[in-house]
Amino acid sequence: MAETTTFREVMAEIVQRITEGPWGPGTLLPGEVELAEEFGCSRTTMNRALREVSELGFLDRKRKAGTRVRMAPIRQARFEMPVVRAEIEKTGAVYRYALVSREVVVAPDWLRARMGLKARARVVHLVCLHFSDGVAFQLEDRWINASALPQALEQDFSEAGPNEWLVATVPFSEVEISFLAAAADAVMVEHLDHALGDPVFCVERATWWQKAAVTLVTLAHRRDYRMTTRY
């Protein structure tokens, strides 16, 4: 019988158990054979998933001593990919999502250069809106590399946005984030109530998994948006 559970799916579940429970810091994980049986995958797949999660900094693997969740994960592993729903609901506001457009296209030249994609690489291009108490809060313009994440071709994203889907589906090994003031274009004018050419606060985020580009997204915000972080 062919194995249907991929190592990426196993990885995602392991990371979720570590970050959300029940595998807290210091937890000794069951052996590979037991885990493979629980996850419905081969021992080879489980070994690879544990190795990859260990390289992300979540696990400490030692021969004979077993595999434990790190007491103090490395900083890279502690970075949490922001989820806009959580950001909105944290303020007490009601969140709503809407898909503006979805298309599967050959990556344009600028995107291939930016993400290191191969010629004729296919990408899923999504434009989405996130609302806070019925008011447009964030415009999401996202490109997903179908070669790295073919599952995206099967998702219509009409009911749930790519932000949460990606966080749940695929880990990341490298992130690049830029903050910029961009001039409002026609799409921003239509959905965020800016005037054409107005400066708009944008966040551009690119992610990779093991040197393969996964996604590039630009997040444009309404004019009264404030970004606050605390360490």
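Which residue of β5 is the bridge partner of Val127? The answer is Asp141, and that pairing is a handy way into this predicted model. Val127 turns up again further down, as one of the residues in a core of 12 residues. Here's a quick tour, starting with the sheet and ending with the cores.

**The sheet as a whole**
- Six strands make up an open sheet, and if you walk across it you meet them in the order β3-β4-β5-β8-β7-β6.
- The pairing throughout is antiparallel.
- As a bit of background, strands of a sheet pair through backbone hydrogen bonds, and they can do this either parallel or antiparallel.
- At the edges sit β3 (95-106) and β6 (174-183), each of which pairs on one side only.
- Neighbouring strands here are turned by 15 degrees against each other on average, direction ignored.

**From β3 to β4**
- Strand β4 covers residues 122-132, and its antiparallel pairing with β3 runs over 11 bridges.
- To spot this pairing in the model, look for Leu99, which stands opposite Cys128 in β4.

**Around β5**
- On one side, β5 pairs with β4 over 10 bridges, in the antiparallel sense.
- The hairpin of β4 and β5 has two residues between the strands, and there Asp133 takes a positive phi near 50 degrees.
- β5 is also joined to β8 (residues 212-221), this time by seven bridges, with the two strands running antiparallel.
- Leu139 has Ala220 as its bridge partner in β8.
- Why is β5 described as largely enclosed by the rest of the structure? It's because nine of its 11 residues are buried.

**The largest nonpolar core**
- This core has 39 residues, and the ones touching the most other members are Ile14, Ile18, Met46, Val53, Leu59 and Ile144.
- Helices and strands both chip in: among the elements supplying at least two residues each are α2 (32-39), α3 (43-56), α5 (84-89), α7 (162-169) and β5 (135-145).
- The largest share, six residues, comes from α1, the helix at 7-20.
- Take Leu59 as an example: leaving aside neighbours within four places in sequence, its contacts include Ile18, Leu29, Leu50 and Val53.
- Leu59 is also in contact with Ser54, Thr67, Arg68, Val69 and Arg70.

**A second core**
- Apart from the largest core lies another one, of 12 residues.
- Its members include Val127, Ala182, Met188 and Ala220.
- Two of those names should ring a bell from the sheet: Val127 is the bridge partner of Asp141, and Ala220 is the partner of Leu139.

How values were computed
Residues numbered from 1 in each chain as written. Predicted model: local features only at pLDDT ≥ 70, side-chain atom pairs only at ≥ 80, totals over all residues. Heavy atoms only, no water. Pairing = 2+ DSSP bridges. Helix = DSSP H or I, 4+ residues; strand = E, 2+ residues; numbered from the N terminus. Axes fitted to C-alpha atoms, helices over the stretch in contact; angles between N-to-C directions. Core = buried A, V, L, I, M, F, W, Y, C linked by side-chain atoms within 4.5 Å. Buried < 20%, exposed > 50% of the residue type's maximum accessible area, 1.4 Å probe, protein only. Contact = heavy atoms within 4.5 Å.
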